[in-house]
Amino acid sequence: MANRLADATSPYLLQHADNPVDWWEWGDEAFAEARRRDVPVLLSVGYAACHWCHVMAHESFEDPATASYLNKHFVNIKVDREERPDVDAVYMQATVAMTGQGGWPMTVVLDHDGQPFFAGTYFPDKPRHGMPAFTQVLQALTDAWAHRRDEVDRSAAGIAEHLRREPALAGTDLIDDAVLAGAVTQSRRDFDTVNGGFGGAPKFPPSMLLQFLLRRGDGLDLVEQTLVAMARGGMYDQLGGGFARYSVDAGWVVPHFEKMLYDNAQLLRLYADWHAATGAELAGRVARETAGFLLRELGTPEGGFASALDADSDGAEGTFYVWTPAQLVEVLGEHDGRWAAELLGVTEAGTFEHGSSTLQLRVDPPPEEVPRWLAVKEQLYDARERRTRPERDDKVVAAWNGLAITGLVRAGLVLDDERLVEAARRAGELLWSVHWSGERLRRVSRNDVVGAPAGVLEDYACMADGFLALVQATAEPVWLERAGVLLDVALDQFAAGDGGFYDTAGDAESLVARPRDPSDNASPSGFSALVHALSTYAALTGSAQHRDAAERALATIRPLAERAPRFAGWSLAAAQTMLHGPVEVVVVEAGDEAGVELGRIARSLPDAVTLVVPADAVTSDAGIPLLRERGLVDGQSAAYVCRNLVCARPVTTPEELRSALAGAPPA
């Protein structure tokens, strides 16, 4: 018999709809029920692609005896962290404060006012590795609630007080070149010179910090070593494209196999930017394959992009992706099978579990063997398609789709693939027609039906940034208008008094604390994404209000940028862009080869705000202010380069444009 989650829109909650646990969704009704019964609230937070969430569900939430105890002694709430990042953020902060670490599944026990007095992550069904059994934890909590209520109340009140303290940001000075140079120096100290990336295992793709280093220029060697290592290791899908969530080892060999939209959207943009800046062939290939993965495996019928692919299939992690030498021989035959095993690092001992290996392409085959590799790759891909596929979380998250739009636009322009820009446009139309109510943004939808959770700061910011990318790709003013609407709400509803921003709107549901975290994690913080959107909007429109808001915001996180640049990479990238710009480039094409080349050069900079348009699109009242009063020069294609709204004279040759973009005055 299904529980209350049967009517949920979240695929993660629907995974638990048949549990014997009497789950509630987050809301006032659940807390009212706990108050009526005088029992605590057990909050369980996870997400659909989370391996250990599945393990705990199977061990405990599907177990009738455990469920019976939970139903008798608790009101149980299940939350999808991807739908409710605000709830997740507040109670993850509590979990880290109480235990020193966080993660999912997250298990928190609350009083009737939502104040936490116990927190943890995964608990096994039996005592294991020094961890108590989940039922032992539940019994101890029940006893404390019944017999030591005063102690519980004091603990809950103290933790809630800690959560309500505003983060001490305290920055007032702009991030200057000294801070940016210091971030490069610190990044070099943290860099893994053997494997690329930063720190040890587990190792996550450092997309935002690499974007800063790429834009900075003096960290390009760190960018290239890391991106090569990631693309050649087992974290990258050598057959189908796209990246797994992270590597469990320091060498990018074995991933945690779930594939997330937000990772792949950012990495798509990053590899496209690397290709544009350097012409690296590997970068172009990985960008093309990752874009293909997004369209093929995460695209939804409505035009959006699904949140994730699970790590598990057939009840085990990674089985869809790994191979043994015998399996290669079975598909390819003895000769090609052994050749592929050597090329892809598949050994008898294995690099993963049960003698299986991830596929790594540490060295490209020589040119004469490329046709053989492409044929082998196609055969293995076709054979893999006959395996049990991982489940897909097909909800559409506004923020992550905004990242996907930006990545697809960038890749489409760099790779000259209009299909990618059109996919981005279609996703933008879905977000606007389904997620925007006319006044506010909703965070999620599924099957063209919008969900209840309100948009948080990252939704407004990443959507606005995606729409501004579409402006630059299409020169359609409607995307500028829509971005402006989103930014108006962000400035009105999310602003903090010190120049920074909260993660939830001023009139959003009141939680124990109002979350505010400017640091980047696996995806850009709402703060850093908003700074980029404000800066780009100002460049396209000349709005001093939006530029001033971006500068004030960046000043608040200078201490974070100095102390922990790895967690401020996207803000550092914005600061680098704004320090001497951003560079604004308008290329007006006369339909000649020179215009095409000028456009290509203009789009080679990862942080330039660029419009490439035919001459007849430029009018004195153009809907995009940056386009106004531009035109051909003596009938020739021309490029206009501006910084801080101050423009140099137009140039007509590739050499002049390269010089202008490098900061030199036109000859």
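**Notebook: buried residues, cavities and salt bridges**

I began with Pro 206, which I logged as buried because its relative accessible area is 15%, under the 20% cut-off. The model is a predicted one. Pro 206 sits in the loop that runs between helix H8 (177-190) and H9. I also looked up its separation from Gln 238: the two C-alpha atoms are 20 Å apart, with these positions 32 residues apart along the chain.

**Entry: cavities**

I searched the whole structure for cavities of 30 Å³ or more and found three. The largest has a volume of about 400 Å³. I listed its lining as 25 residues, with Arg 269, Gln 472, Pro 606, Asp 607 and Ala 608 closest to the centre. Two or more lining residues come from each of helix H16 (398-415), helix H18 (457-474), helix H20 (526-541), helix H23 (569-579) and strand E17 (609-614). By residue class, I noted 12 nonpolar, seven polar and six charged residues in this lining.

I then turned to the second largest cavity, which holds about 150 Å³ of space. Its lining has 14 residues, and those nearest the centre are Gln 266, Arg 269, Leu 403, Pro 524 and Trp 570. Arg 269 is thus on the short list for the largest cavity and on that for the second largest. For the second largest cavity, at least two lining residues each are supplied by helix H9 (207-216), helix H11 (261-278), H16 and H18. I recorded seven nonpolar, five polar and two charged residues in that lining. H16 and H18 appear in the element list for the largest cavity and again in that for the second largest.

**Entry: buried acids**

What does Glu 83 have for a partner of opposite charge? I found no salt bridge for this buried residue; Lys 395 has the nearest side chain of opposite charge, and that is 6.5 Å away. The cut-off for a salt bridge is 4 Å, so Lys 395 does not qualify. The side chain of Glu 83 does make a polar contact with the side chain of Thr 9, at 3.1 Å. I placed Glu 83 in the loop between strand E3 (75-80) and helix H5 (85-99).

Asp 237 was next, in the loop between helix H10 (220-232) and strand E6 (246-247). I count Asp 237 as buried because its relative accessibility is 6%. Its side chain makes a polar contact with the side chain of Arg 384 at 2.9 Å.

**Entry: salt bridges**

I counted 49 salt bridges. I looked up several of them individually.

Asp 86 pairs with Arg 84, with 3.0 Å between the closest N and O atoms. Both Asp 86 and Arg 84 are buried.

Lys 377 and Glu 289 form a salt bridge through their side chains, with an N to O distance of 3.0 Å. This pair links distant parts of the chain, since Lys 377 belongs to helix H15 (residues 370-384) and Glu 289 to helix H12 (residues 281-298), 88 residues apart. I logged Lys 377 and Glu 289 as buried.

Arg 443 meets Asp 459 in a salt bridge with an N to O distance of 2.8 Å. Arg 443 is in the loop between helix H17 (418-435) and strand E14 (444-446) and Asp 459 is in helix H18, so the salt bridge ties together parts 16 residues apart in sequence. Arg 443 and Asp 459 are buried too.

I also noted a network of salt bridges that links Glu 59, Asp 125, Lys 126 and Arg 128.

**Entry: backbone exceptions**

Most peptide bonds are trans, and most residues other than glycine have a negative phi. I looked for departures from this.

The bond joining Trp 104 and Pro 105 is cis, with omega about 5°. Pro 105 lies in the loop between H5 and strand E4 (106-110). The bond from Gly 581 to Pro 582 is also cis, with omega near 10°. Pro 582 lies in the loop between H23 and strand E16 (583-589).

For positive phi outside glycine, I noted Trp 252 at about 65° and Asp 634 at about 55°. Trp 252 is in the loop between E6 and strand E7 (255-256), while Asp 634 is in the loop between E17 and strand E18 (638-643). Which of the two categories, buried or exposed, fits Trp 252? I entered Trp 252 as buried because its relative accessibility is 0%. Asp 634 has a relative accessibility of 74%, so I entered it as exposed.

Technical notes
Residues numbered from 1 in each chain as written. Predicted model: local features only at pLDDT ≥ 70, side-chain atom pairs only at ≥ 80, totals over all residues. Heavy atoms only, no water. 1 Å grid on protein atoms, 1.4 Å probe; cavity = no way out; pocket = protein on both sides within 12 Å on 5 of 7 lines; lining within 4 Å. Points joined across faces, edges and corners; volume = space filled by probe spheres on them. Helix = DSSP H or I, 4+ residues; strand = E, 2+ residues; numbered from the N terminus. Nonpolar A, V, L, I, M, F, W, Y, C, P; charged D, E, K, R; others polar. Buried < 20%, exposed > 50% of the residue type's maximum accessible area, 1.4 Å probe, protein only. Lys, Arg positive; Asp, Glu negative; His and termini not counted. Polar contact = N/O pair within 3.5 Å; in protein donor to acceptor, adjacent residues only side chain to side chain.
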